[in-house]
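Colleague: Got a minute for this one? I'd like to start with the cysteines and then wander.
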Amino acid sequence: FSNDVEKARPKAQQTPPEQEKPPVPQPKTSRIQAKAKAKGEVQEVQRTTVMLRNLPNNYTRDMFLSLLDEEGLSELYDFVYLPMDFCRDANLGYAFVNLVDGAAVDKAWKKFDGFDRWALPTAKVCQVGWSGPHQGFQAHVERYRNSPVMHKSVPDCYKPMIFKNGIRKPFPRPTKKVKAPAASCR
């Protein structure tokens, strides 16, 4: 039915597609969560980690960080990980970014969903979605602190990073012995 209404609207009133941006999806609340919240038993958990997809594979981590800053997100993120293919020395086309709060999430979503003004030639168009299953700064720190990507043999430019007020901080030490990544380059 909504398509019929759209077709019936005169062309002059239609919004150009490049200006149409869907609202940032909000996490769904279960009935149990809603009841607990209504009783004041539970605070709602706000999602802050996004996954940016369709990144140019030849972007380095430094290029990606510069892009975030140039697009107005400087000091608005506290965790960034651009997974890399160690054999090809290229990123895998996606990144995880944890934003400091909901307003920063909204800003990042609006800036990067549909983004195509890359510093290098490519036809890729960025898509933004929620990170899963890990969500939030602490969950990502715990996920990666004991990961093989943090092994001393892995170059720093391949590792996740954490920030405080836009300044890189040391990643927390592992809680167990970190295994080296599997050598699978042929």
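Modeller: Sure. Cys126 is buried, at a relative accessible area of 1%. Keep in mind that this is a predicted model.

Colleague: What about Cys157, buried or partly exposed?
Modeller: Cys157 is partly exposed, because its relative accessibility is 41% and the buried class stops under 20%.

Colleague: How many disulfides in the whole structure?
Modeller: The search finds 0.

Colleague: OK, zoom out. How many helices and strands are there?
Modeller: There are 5 helices and 8 strands. Along the sequence the order is α-α-β-α-β-β-β-β-α-β-α-β-β.

Colleague: What share of the residues is buried?
Modeller: Buried residues are 35% of the 186 in the protein. The exposed surface comes to about 12200 Å². Carbon and sulfur atoms supply 52% of that area.

Colleague: And the contacts, what fraction is long-range in sequence, say 24 or more positions apart?
Modeller: 67%, counted among contacts with a separation of 6 or more.

Colleague: Now the core. Which residues have the most contacts inside the largest nonpolar one?
Modeller: Val50, Leu52, Phe64, Leu68, Tyr77, Val97 and Phe112. That core has 40 residues.

Colleague: Which elements give it two or more residues?
Modeller: On the strand side, E1, E2, E5 (94–99), E6 and E7. On the helix side, H3, H4 (102–112) and H5.

Colleague: Pick Tyr77. What does it touch, leaving out residues up to four places away in sequence?
Modeller: Tyr77 touches Leu65, Leu68 and Asp69, then Val97, Asn98, Leu99 and Val100, and also Phe163. Two of those, Leu68 and Val97, are on the list of core residues with the most contacts.

Colleague: Switching to rings. How many aromatic pairs?
Modeller: The structure holds 9. Phe86 and Tyr158 are one of them, with ring centres 5.0 Å apart and planes at 5°, so they count as stacked.

Colleague: Where do those two sit?
Modeller: Both are in loops. Phe86 is between strand E3 (84–85) and strand E4 (90–91), and Tyr158 is between H5 and strand E7 (161–164). The pair therefore ties together parts that are 72 residues apart in sequence.

Colleague: Are the two rings' residues buried or partly exposed?
Modeller: One of each. Phe86 is partly exposed at 35% relative accessible area, whereas Tyr158 is buried at 7%.

Colleague: What about Tyr94 and Phe96, what geometry do they have?
Modeller: Edge-to-face. The centres are 5.7 Å apart, with 80° between the planes. Tyr94 is partly exposed at 26%, while Phe96 is buried at 11%.

Colleague: Which rings link up into a cluster?
Modeller: Tyr59, Phe112, Phe115 and Trp118 are linked by ring pairs. Phe112 is also one of the core residues with the most contacts.

Colleague: Which charged end sits over the ring of Tyr144?
Modeller: That of Arg143, 4.5 Å from the ring centre.

Colleague: Backbone next. Where is the cis peptide bond at Pro133?
Modeller: The bond runs from Gly132 to Pro133, and omega is near 5°. Pro133 is in the loop between strand E6 (127–130) and helix H5 (137–145).

Colleague: Why bother flagging that?
Modeller: Because most peptide bonds are trans, and most residues other than glycine have a negative phi.

Colleague: On that second point, what is phi of Asn54?
Modeller: Near 65°, so a positive value. Asn54 lies in the loop between strand E1 (49–53) and helix H3 (61–73). Asn54 is partly exposed, at 30% relative accessible area.

Colleague: And Glu75, what is its phi?
Modeller: Glu75 has phi near 70°, again a positive value in a residue other than glycine. Its loop joins H3 and strand E2 (77–81). Relative accessibility of Glu75 is 48%, which counts as partly exposed.

Colleague: Last one. Which residues does Ser153 touch beyond four places in sequence?
Modeller: Ala180 and Pro181. Ser153 is in the loop between H5 and E7. The C-alpha atoms of Ser153 and Pro181 are 8.4 Å apart, with their positions 28 residues apart along the chain.

Conventions
Residues numbered from 1 in each chain as written. Predicted model: local features only at pLDDT ≥ 70, side-chain atom pairs only at ≥ 80, totals over all residues. Heavy atoms only, no water. Helix = DSSP H or I, 4+ residues; strand = E, 2+ residues; numbered from the N terminus. Buried < 20%, exposed > 50% of the residue type's maximum accessible area, 1.4 Å probe, protein only. Contact = heavy atoms within 4.5 Å. Areas by Shrake-Rupley, 256 points an atom, 1.4 Å probe, with all protein chains shown as cover. Disulfide = S-S within 2.5 Å. Phe/Tyr/Trp six-rings, centres within 6.5 Å; stacked < 30°, edge-to-face > 60°. Lys NZ or Arg CZ within 6 Å of the ring centre and 35° of its normal. Core = buried A, V, L, I, M, F, W, Y, C linked by side-chain atoms within 4.5 Å.
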